[in-house]
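Visitor: I would like a close look at one part of this protein. Please take me through a pair of packed helices, and then through what lies around them.

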Amino acid sequence: MQPAEDITAVLGVTALCAFLFLYEAAPWKKAAANAGRTVEAPPPLPPHSPTPPPGSTPSEPDGTERMSEMFTSGKDWDPFTPAELAVLAKVHERLGPALADVPVDLLAQFVRSAPHTASGEPCVGERLEAALAWRAREGVDQLVQAPPVGRDEFEWLMPAGCVGHDREGRPVILERPGRDRQAVLAALAAMSAEEFVRQQVCSKECIRHFLGAASRRRGRRISKFVSVIDAGGIGRHHFDRRNVAFFKAFAEVSSANYPDCLERLFVVRAPYLMTALWALLRPLLHPVTAAKVSILGGDYAAALEADGVSLPSGKLPESDELEGWVASTRRLLAAARAEAGESPSLAEGVLPPADARAIRQLLAAPRATPATRRPSPRERAPPAEVAKGEGAPLDSLCRKEEQ
């Protein structure tokens, strides 16, 4: 390798690890702080967690083991575990009747991003309430129909889209940020951090629609996607101070408002040094986060296929073959509208029957702390900022329970 390529690889893997820390770490920061505290007993393993083999000796319940147990998650469509139902009850204490208005994908993501400890549960309701208020304040629900200014240029600059599904029906999202150096520098130089974050949030909302379509197609809750990042063409210009600050700002917004939505991350066409450095840096990440990441070189097709990633053409499409997030999402919604006679709402989704019953029971029961009731984010938001079709009543959600 040339020295410049060495520097690029070092910067690339460092930026990747920083992004993973920001993107995935927030839900378990509090657990990491609590892990050293004395507790009466470690939290129980969820029903779908691996069972130790017969005759094995359980490890001591130190902080690392407790965190591994907390974040051993099952499938998106599995019903909430008892620990997660306890988190859901805390969320209801915070939101009250507004719980019925929370989109089912966000509800699952926030509940399952929570540390499964008594001290960690209350913060979930606060984070979810803040996320709902942010959505209303920023008009996030309207971004697909009214995308940010300069959207076409942004999508050319950072081509991305849904390119397939894994074996369990989750969307596979390709991101290819390695465009022309001068174009990247010129576009980002003319953009503020707030504008960059808004463009990325628009992409996130498009991904939510593809998750919703996957849920309807499979008839079960799907709240996570598989990400494939093509590192070919990424250079030093992607990691100058201004660009890194932009990505850091987006990572913080994403972690706060779209938690626990990543099933797997594949970085393909990665330089050899990046692969080697990843092997050294991987132990620094939380084990659950590290297990989600695979750094692959140019011969990535077999590895993707072995992990169940299905690509219609058998390979990743070229950048110019990607339709663009907004156009592809609108086409997806038009097809769903033609089939069902109405536009699908992200407030609706497919719930496991046990989860639907749990939500109904919480809404029917008196709240534990009625004096702390706050207006919901939708009640506080100006009427013009609430998207038509959002906030479907719980009855409509329960009609879409898994069969």
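Guide: The helix pair comes next, after a short word on the model.

This is a predicted model, where local features need pLDDT of at least 70, side-chain atom pairs count only at pLDDT 80 or more, and totals for chains, interfaces and linings use all residues. Residues are numbered from 1 along each chain as its sequence is written, and side-chain values use heavy atoms, with hydrogens and water left out.

The protein has 16 helices and 5 strands. These are DSSP runs, numbered from the N terminus: helices are H or I with at least four residues, strands are E with at least two.

Two packed helices are described by the angle between their axes and the distance between the axes. Here the pair is α8 (residues 193–218) and α13 (residues 325–340). Their axes lie 10 Å apart, at an angle of about 30 degrees. Axes are lines fitted to C-alpha atoms, for helices over the stretch in contact, and angles run from 0 to 180 degrees between N-to-C directions. α8 and α13 are therefore roughly parallel. That term covers angles under 35 degrees; over 145 is roughly antiparallel, 65 to 115 roughly perpendicular, and the rest oblique.

The crossing of α8 and α13 is left-handed. In a left-handed crossing the near helix is turned anticlockwise from the far one by less than a right angle; clockwise makes it right-handed.

Now the residues that meet. α8 supplies C202, S203, C206, I207, H209, F210, A213 and R216. α13 supplies W325, V326, S328, T329, L332, L333 and A336. Contact means heavy atoms within 4.5 Å. The residues of this contact divide into 10 nonpolar, 4 polar and 1 charged. Ala, Val, Leu, Ile, Met, Phe, Trp, Tyr, Cys and Pro count as nonpolar, Asp, Glu, Lys and Arg as charged, and the others, Gly among them, as polar.

Next, the loop between α13 and α14 (353–364), where E348 is found. E348 is partly exposed, because its relative accessibility is 24%. Buried means under 20% relative accessible area, exposed over 50%, and partly exposed in between (1.4 Å probe, protein chains only).

E348 and V104 are 244 residues apart in sequence, yet 6.4 Å apart in space, C-alpha to C-alpha. V104 is one of the buried residues of α4. Helix α4 (residues 104–112) is mostly covered, with 9 of its 9 residues buried. In the protein, buried residues make up 51% of the 403 residues.
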